[in-house]
Amino acid sequence: PLRLALAVPRQYLLGVRAIDEAGAVEPFFDFGRNALRLITRAQAGVPVLTLACELGSFEFIGMGYPREAETMAGVPLRVTITATAETYGETVAGWRWGLDLADVEKEEGWSAWTQDPTLPPLTIPQAGVHALLVEARDSAGGLTRATLILQVVDAPMDRPLLWVDDSRDLSYPSDAQHDAFWNGLIQDSGRFDMASEVFRHEVHGPSDVYSPVPLPPTLEQLGRYRLIVWECAGAGYNGQSGLLSSSTLRRHLGAYLRAGGQLWVGGTMTVPAMMASPNGVNFNPLYPIDATGDQTSFAYRFMKLASSRINNAMGIPPDDNLIGVQPFPGKTPIYVQMEQDPAKVSPIKASISHGDAIFDPIYAQDAGFTGVIDSLFVYQAKRAGSSYNNKLNAIRWHDPDPARPHGRTQWFGFPLYFMKKEQAQETFNRSIDWFREEARP
């Protein structure tokens, strides 16, 4: 082995040339092949420090740039710390933390050095900008400082309903048809004043075509509403949807629910739109989905879709497509049976494509969920022998404990639009009544 005695701090260039038997010398240096740039310093390195919480996972090395996240006032943050120095042969001696320190170079405000990986729950009662700092040091004195800037917003929830239109303008349905159906459901329910209590947000802008890049509600906007009904085409434009952005990329919906908000999600391909994005931009459209593989995902943690196999009838061939839903068998029906409206579906397929269905059961006890999961509907396929028949495709969750982890949620693995209006209306009315049973903690 080559051993070098190098001064510090310095920069060096190490090159290696080959010589053949005739004495010819290799003429070129190529970085990464036969040339390396070396930098020496007094310490071998600094720890890699990771902060994981409900807002995401954030990695820091050295005195790097701050990271930013948003949350709601009064919602506890549970931060877990991991740090490692193994890559350069050291061990992590400990870490400490502080919130909104006046001077990070002084000892005042910092906690004691510890190796306890969990911080006490952090609750910020008022809106504003706050800074969480965590330092990790190794046994040789190498130091990494993490700075997480928290944008904290209020959540008054002073408006009854936000309907989020996260769909696309298609032939079945057009944006105008889709909007008219949902406006009719809300108005005909008799449960809202349309002029003062109902608000709409179009994720892709006017007519669902203005912006292929989703423009979802901000966290501050979400915090105004007691209930959000989010109808989503999970594929969006190029695999981008507002649901993916708000549930997974920004984690806004999780913060909203933990503040006591309520959420009803429905539409097509909604499960991958609530799972991790492979590239931070688009959803992963590959089915079947094992939702138990990521227990931090929005689909698992908040919508309670803890199934190891969730599938989707993509529509080609149409035999497995949906034609209706029936109440979950063997239990008192919670909602009424619903059938597709033939006037709303494509005459070629005569059915509803891209609906999600739960093939493997949800074991709520094994998942560690509190509260109650209600099984609502099962799948009715176009073909009598379809494997999709009688598979669960709608659930809801609630917890009567005032200290529950979040507000009520309901998931429909299909678009309500395609169902007969009178049946959809009854389901909508009962759903709203159920959400209203829960008071904000």
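This is a guided tour of selected salt bridges and one surface patch, to be followed with the structure open in a viewer.

Before selecting anything, bear in mind that the model is predicted, and that residues are numbered from 1 along the chain as its sequence is written. The count of salt bridges in this model comes to 19, and the stops below visit some of them.

**First stop: Arg 383 and Asp 319**

Select Arg 383 together with Asp 319, and you will find a salt bridge in which the closest N and O atoms are 3.9 Å apart. Arg 383 sits in the loop between β18 (372–381) and β19 (392–398), while Asp 319 sits in the loop between β14 (310–313) and β15 (322–327), so this pair ties together parts of the chain that are 64 residues apart in sequence. If you colour by accessibility, Arg 383 should appear as partly exposed, with a relative accessible area of 36%, and Asp 319 likewise counts as partly exposed, at 35%.

**Second stop: Glu 339 and Lys 420**

Next select Glu 339 and Lys 420, whose salt bridge has its closest N and O atoms 2.9 Å apart. Glu 339 belongs to strand β16 (residues 338–339), whereas Lys 420 lies in the loop between β20 (409–412) and α7 (421–436), and the pair thus links distant parts of the chain, 81 residues apart. Glu 339 is partly exposed, with 32% relative accessibility, and Lys 420 is also partly exposed, with a relative accessible area of 25%.

**Third stop: Glu 438 and Arg 404**

Move on to Glu 438 and Arg 404, where the two side chains meet in a salt bridge at 3.1 Å, N to O. Because Glu 438 lies in the segment after α7 and Arg 404 in the loop between β19 and β20, the pair ties together parts that are 34 residues apart in sequence. Are these two residues buried or exposed? Both Glu 438 and Arg 404 are buried, which means that each has under 20% relative accessible area.

**Fourth stop: a network**

Now select Arg 96, Glu 105, Glu 107, Glu 135 and Arg 145 as a group, since salt bridges that share partners join these residues into one network.

**Last stop: a nonpolar patch**

Finally, select Leu 2, Leu 4 and Leu 6, which form a nonpolar patch on the surface and together have about 290 Å² of accessible area. To place this patch along the chain, start from Leu 2, which is found in the segment before β1 (10–15) and counts as exposed, at 62% relative accessibility.

Definitions and conventions. This is a predicted model: local features need pLDDT of at least 70, side-chain atom pairs count only at pLDDT 80 or more; totals for chains, interfaces and linings use all residues. Side-chain values use heavy atoms; hydrogens and water are left out. A salt bridge is a side-chain nitrogen of Lys or Arg within 4 Å of a carboxyl oxygen of Asp or Glu. Helices (H or I, at least four residues) and strands (E, at least two) are DSSP runs, numbered from the N terminus. Buried means under 20% relative accessible area, exposed over 50%, partly exposed in between (1.4 Å probe, protein chains only). Patches are made of residues with over 30% relative accessible area and no salt bridge: like charges are joined within 9 Å, nonpolar side chains (Val, Leu, Ile, Met, Phe, Trp, Tyr) within 5 Å. Accessible areas come from the Shrake-Rupley method with a 1.4 Å probe; for residues, only the protein chains shown count as cover.
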